[in-house]
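Here is a short set of exercises to work through with the model open beside you. Try each task first, then follow the solution step by step.

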Amino acid sequence: MKTTKGKWKIGYSSVASNPQIEIAVDGHRITNIPLSERYMGKGTNDAYDGEQEANAKLIAAAPEMIKEMQSYIEHLERNGRTRANSFYFSFKEVIKKATS
């Protein structure tokens, strides 16, 4: 899989007074997600729904989730249990979608 190696984490930063969630690997920024005005309580809807933070957490967890799915696929293949296992085919499709 062609992703940045290391532990993916999220943090918070501000660039030019614009708050954002930062996704980093071993202290090196991969990307950031700007936080909305709602998050800062400045928009018309002050009820922050957590969507941007949830997206960042999902992105940061994706490499680990794929690694675990690959491990499970390998386990099923080693034990000849691929034919009747719906997870096997689902996981293979998800990995293909994420890595192609």
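## Exercise 1: What covers helix α1

The buried residues of α1 are covered by parts that include β1 (8-15), β2, β3 and α2 (86-99). Contact here means heavy atoms within 4.5 Å, and buried means under 20% relative accessible area, exposed over 50%, and partly exposed in between (1.4 Å probe, protein chains only). Helices (H or I, at least four residues) and strands (E, at least two) are DSSP runs numbered from the N terminus.

Before starting, keep two notes in mind. This is a predicted model, in which local features need pLDDT of at least 70 and side-chain atom pairs count only at pLDDT 80 or more, while totals for chains, interfaces and linings use all residues. Residues are numbered from 1 along each chain as its sequence is written, and side-chain values use heavy atoms, with hydrogens and water left out.

**Task.** Find which residues of α1 are buried.

**Solution.**
- Step 1. Locate α1 at residues 51-78, a run of 28 residues.
- Step 2. Pick out the buried positions: Gln-52, Ala-56, Ala-60, Pro-63, Ile-66, Met-69, Ile-73 and Leu-76.
- Step 3. Recall a general point about helices: an α-helix has 3.6 residues a turn, so residues three or four places apart point the same way.
- Step 4. Look closer at Gln-52, which is buried with a relative accessible area of 16%. A polar atom of its side chain lies 3.1 Å from the backbone oxygen of Pro-34; a polar contact is a pair of N or O atoms within 3.5 Å, where, within protein, one must be able to donate a hydrogen and the other to accept it, and residues adjacent in sequence count only if both atoms are side-chain atoms.

## Exercise 2: The course of α1

**Task.** Work out how far α1 reaches from its first C-alpha to its last, and where a kink lies.

**Solution.**
- Step 1. The reach is 39 Å, close to the 40 Å expected at 1.5 Å a residue. The expected span is 1.5 Å times one less than the number of residues.
- Step 2. A kink of about 45 degrees lies at Ala-62, shortly before the proline Pro-63. The bend at a residue is the angle between axes fitted to the seven residues ending there and the seven starting there.
- Step 3. Just after α1, Gly-80 takes a positive phi of about 60 degrees.

## Exercise 3: The strands

**Task.** Describe how β2 pairs with β1 and with β3.

**Solution.**
- Step 1. Place the strands in the chain, which follows the pattern β-β-β-α-α along the sequence.
- Step 2. β1 and β2 pair in the antiparallel sense over eight bridges; two strands pair if DSSP finds at least two bridges between them. Lys-9 has Ala-24 in β2 as its bridge partner.
- Step 3. Strands β2 (residues 18-25) and β3 (residues 28-34) also run antiparallel, joined by six bridges. Here Glu-22 stands opposite Asn-32 in β3.
- Step 4. Two residues lie between the strands of the β2 and β3 hairpin. Asp-26 sits in this loop and has a phi near 50 degrees, a positive value in a residue other than glycine. Asp-26 is exposed, with a relative accessible area of 55%.

## Exercise 4: Where the two helices meet

**Task.** Which rings form a cluster, and which residues does Ile-95 touch?

**Solution.**
- Step 1. The structure holds three aromatic pairs. Rings of Phe, Tyr and Trp (its six-membered ring) pair if their centres lie within 6.5 Å; planes under 30 degrees apart count as stacked, over 60 as edge-to-face and the rest as tilted.
- Step 2. Tyr-72 and Phe-91 are edge-to-face, at 5.9 Å centre to centre with 65 degrees between the planes. This pair links Tyr-72 in α1 with Phe-91 in α2, 19 residues apart.
- Step 3. Phe-87 and Phe-91 have ring centres 5.6 Å apart and planes at 45 degrees, so this pair is tilted. They are four residues apart in α2, about one helical turn.
- Step 4. Ring pairs thus link Tyr-72, Phe-87 and Phe-91 into a cluster. Tyr-72 is partly exposed at 30% relative accessible area, and Phe-87 is partly exposed at 48%.
- Step 5. Ile-95 in α2 is buried, with a relative accessible area of 10%. Not counting residues up to four places away in sequence, Ile-95 touches Ile-66, Met-69, Gln-70 and Ile-73.
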